[in-house]
Amino acid sequence: MSALTVDHSGTGHEWDDVVRIWEETDAPEGCKVEIIEGIVTVSPPPSDEHNDTAWLVQEQLLTVLPDGWAIYQTLGLALQQSGGLYMPDLVMMPRSRLSQGPDGRTAAEDAALVVEITSKSNATTIE
């Protein structure tokens, strides 16, 4: 299958097509399927070290988590304006905001904290 990109100036049908492909992608268990800059991407499962780091961060966040809030490790966040549906490593947000975004998806702006764990081999430095 070739990559399908989104024309953000179009009618919105392009976004619907990409989301449909995202929903229908049958990736191996543990893989992360995201829409990045309008393209459906599949990433391999994270390493054991990556998962352990996620747990260590989550463990610390649990000590300050307000009532009615949760920490999610497999939550898709929609950024429709930029053509994205991302699955960060950790998301902290009020449980009441789940599925309140566009098309019944969780809107990224509803998250209080989004964590993406990187390593030296895949981290990008912004200057």
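This note comments on salt bridges, a surface patch and one long-range contact in a predicted model.

1. The salt bridges number five in this model. Three of the residues involved, Lys 32, Asp 89 and Glu 116, are joined in a network.

2. Within that network, Lys 32 pairs with Asp 89, their closest N and O atoms lying 3.8 Å apart. This pair connects distant parts of the chain, with Lys 32 in strand S1 (residues 32-36) and Asp 89, 57 residues away, in the loop between strands S5 (84-86) and S6 (90-94). Lys 32 has a relative accessibility of 16% and therefore counts as buried; Asp 89, at 9%, is likewise classed as buried.

3. Lys 32 also forms a salt bridge with Glu 116, with 3.5 Å between the closest N and O atoms. Here too distant parts of the chain are linked: Glu 116 belongs to the segment after strand S8 (113-115) and is 84 residues from Lys 32. Glu 116 is partly exposed, at 46% relative accessibility.

4. A salt bridge within helix H1 should also be noted. The side chains of Arg 20 and Glu 24 meet at 3.5 Å, N to O, and the two residues are four positions apart, about one turn of the helix. Glu 24 is exposed at 55% relative accessibility, whereas Arg 20 is partly exposed at 38%.

5. Helix H1 (residues 13-24) also contains Glu 14, which is partly exposed at 25% relative accessibility. The C-alpha atom of Glu 14 is 9.6 Å from that of Gly 83, although 69 residues separate the two along the chain.

6. Trp 55, Leu 56 and Leu 62 make a nonpolar surface patch of about 290 Å². Leu 62 lies in helix H2 (residues 48-62) and is partly exposed, with a relative accessible area of 41%.

How values were computed
Residues are numbered from 1 along each chain as its sequence is written. This is a predicted model: local features need pLDDT of at least 70, side-chain atom pairs count only at pLDDT 80 or more; totals for chains, interfaces and linings use all residues. Side-chain values use heavy atoms; hydrogens and water are left out. Buried means under 20% relative accessible area, exposed over 50%, partly exposed in between (1.4 Å probe, protein chains only). Patches are made of residues with over 30% relative accessible area and no salt bridge: like charges are joined within 9 Å, nonpolar side chains (Val, Leu, Ile, Met, Phe, Trp, Tyr) within 5 Å. Accessible areas come from the Shrake-Rupley method with a 1.4 Å probe; for residues, only the protein chains shown count as cover. A salt bridge is a side-chain nitrogen of Lys or Arg within 4 Å of a carboxyl oxygen of Asp or Glu.
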